[in-house]
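Could you walk me through this structure in my viewer, one selection at a time? I would like to know what to click on and what I will find there.

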Amino acid sequence: MTRETVIVLDFGGQYNQLIARRVRECNVYCEIYSYKTDLEKIKAMRPAGIIFTGGPNSASKEDSPSYTKEIFSLGIPILGICYGAQLMMHLLGGKVETAPVREYGKIKVTVDPHSALFKNVSEKTICWMSHNDYISKEAPGFQIVAHTPDCPVAAAEDISKKLYALQFHPEVLHTVEGKKILSNFVYNICVCSGDWKMDSFVEESIHAIRQKVGQGKVLCALSGGVDSSVAAVLLSKAVGSQLTCVFVDHGLLRKNEGDEVEAVFGPEGPYDLHFIRVNAQNRFYEKLQGVTEPEKKRKIIGEEFIRVFEEEAKKIGAVDYLVQGTIYPDVVESGLGGESAVIKSHHNVGGLPDYVDFREIIEPLRNLFKDEVRQAGLELGIPEYLVFRQPFPGPGLGIRIIGEVTAEKVQIVQEADAIWREEIAAAGLDKEIGQYFAALTNMRSVGVMGDERTYDYAIALRAVTTTDFMTAESAPIPWDVLEKTTNRIVNEVKHVNRVLYDCTGKPPGTIEFE
Ligand code: XMP
């Protein structure tokens with residue numbers, strides 16, 4: 001590891017990725033490793049600092065996640081957070097017990113401003129606590145540098161060994177000065193220089209890709225989403241027309257999306273690459289004829305996508321590299337990085353590698369969080385509307401139409417969705433809402449328009465706020481925005497005479513509407 005790096009050692013806490021993101025926001029590169037990672041491996045990485053995460057266990061219990069004590073005598077600065085702090089104390093001879101008063105939520109903490117960790121932090125500062133156990137006695141050699149009325153050791157330090165323990169969570173936003181505390185750790189204690197910046201990432205990646213690829217041929221499946229777009233532009237800047245991008249238009253994209261992708265990546269666009277758009281709309285509609293079961297639709301779309309791609313790949317012939325838009329949360333969540341893995345198989349370009357004749361996969365965004373991918377996109381000059389796109393599922397509108405998918409229904413939902421997106425943006429809500437779209441219910445009902453009776457579809461509008469897309473809440477959209485959108489949809493979109501707003505959260509709903 002040559003880049004200055006702070007390591008997050010994951011003990012199963014729910015905020016492992018958040019800690020790494022916060023450190024990176026301080027311009028210091030950070031990676032997550034399981035607490036099961038061998039000490040020799042950690043040593044070999046020569047980290048500038050190590051952070052122990054929180055976790056759900058009790059440090060003093062025999063079978064709780066632990067680590068060899070040797071790590072504390074390497075001279076590498078270590079910050080323990082919550083469980084990490086308790087473990088540090090427990091291993092070094094302090095005492096951890098069930099707290100007589102359990103602290104949960106925002107708590108006023110009194111800190112010692114002379115501690116390097118609390119430089120420029122207010123003496124009384126609001127921090128986020130969430131613990132059943134507490135440190136009742138600090139380990140020998142440690143000084144207490146923060147406390148609350150119920151928590152005698154809210155922070156402790158052993159300056160000579162560069163060890164720091166925090167009972168609260170500096171990584172969450174509820175800890176008002178948390179970012180300052182983490183910045184103090186990486187700059188004042190780990191003495192990092194802060195060399196992790198997106199402009200240098202882009203430059204270094206381009207250089208590294210060029211070195212690796214040489215004169216080789218590269219193939220990329222472009223979906224028009226943020227990750228594959230940024231990956232494609234990075235590759236095109238590195239190897240130009242040695243890159244071929246295949247974009248499959250399955251006829252289930254949002255209004256004008258296919259043309260927008262072509263405008264950016266096609267021959268009229270600013271990038272030097274070989275762009276192939278496959279207009280496979282009718283193939284998909286045919287395969288979907290008469291199919292109403294959501295899981296079956298997903299399967300058909302996924303399989304057909306692979307068939308189309310396979311045919312294109314055959315025409316292109318053998319390539320040297322296949323590009324994938326894997327990003328860091330995919331890596332961590334598929335169990336390769338941290339410990340608190342929510343195991344999910346990520347579905348970036350599901351299953352493509354088996355169908356392409358290639359030598360090696362390139363994943364240029366493998367180390368980036370989503371917000372960093374966006375920053376890299378901006379550095380690369382990709383238009384903002386592409387960079388800040390909301391997530392859009394691979395099966396597209398196929399999973400936003402209840403019942404059978406037909407070309408006519410796709411058009412209805414496209415038009416309604418475009419209006420909804422316009423109105424959300426016009427109301428300035430687009431940055432606050434995680435995901436928003438229109439779906440076509442399979443319900444038709446009686447209405448009246450002019451003097452005529454109608455019997456048409458109901459559109460469902462969906463908008464959710466979410467941080468992780470695993471849980472979500474229905475967004476409280478102002479009535480005037482809903483009213484205007486409804487008026488526009490029933491007036492402008494043929495075959496729609498009713499608009500409904502979906503108030504369901506996830507759980508019990510899902511974000512998509514299928
Ligand atoms: P659900 O509907 O499961 O969606 O609450 C959670 C998030 O995942 C997206 N999603 C998908 N993304 N392929 C994708 O690339 C898929 O098959 C797929 N299904 C759901 C969804 O848009 C939301 O952001």
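Start by selecting the ligand and the 12 residues around it; among these, Arg 298, Gln 435, Lys 506, Ile 511 and Glu 512 come nearest. Keep in mind as you look that this is a predicted model. Now colour the shell around the ligand by residue type: you should find five nonpolar, four polar and three charged residues.

Next, zoom in on three side chains, one after another. In Glu 512, a polar side-chain atom sits 2.5 Å from an oxygen atom of the ligand. Move to Gln 435, where a polar side-chain atom is 2.7 Å from a ligand oxygen. Then pick Arg 298, which places a polar side-chain atom 2.8 Å from an oxygen of the ligand. How much of the ligand does the protein bury? On its own the ligand exposes 500 Å², and the protein buries 79% of that.

Now leave the ligand and turn to the helices. Two packed helices are described by the angle between their axes and the distance between those axes. Select residues 198-213 for helix α5 and residues 226-239 for helix α6. Helices α5 and α6 pack at about 60 degrees, with their axes 8 Å apart, so they are oblique to each other. Rotate the view to follow the crossing: α5 passes α6 in a right-handed one.

Keep α6 selected and add helix α11, residues 370-379. Here the angle is about 45 degrees and the axes of α6 and α11 are 10 Å apart; this pair is therefore oblique too. Look at the handedness once again: α6 passes α11 in a left-handed crossing.

Conventions:
Residues numbered from 1 in each chain as written. Predicted model: local features only at pLDDT ≥ 70, side-chain atom pairs only at ≥ 80, totals over all residues. Heavy atoms only, no water. Near = heavy atom within 4 Å. Polar contact = N/O pair within 3.5 Å; in protein donor to acceptor, adjacent residues only side chain to side chain. Areas by Shrake-Rupley, 256 points an atom, 1.4 Å probe, with all protein chains shown as cover. Nonpolar A, V, L, I, M, F, W, Y, C, P; charged D, E, K, R; others polar. Axes fitted to C-alpha atoms, helices over the stretch in contact; angles between N-to-C directions. Helix = DSSP H or I, 4+ residues; strand = E, 2+ residues; numbered from the N terminus. Parallel < 35°, antiparallel > 145°, perpendicular 65-115°, else oblique. Left-handed = near helix turned anticlockwise from the far one by under 90°.
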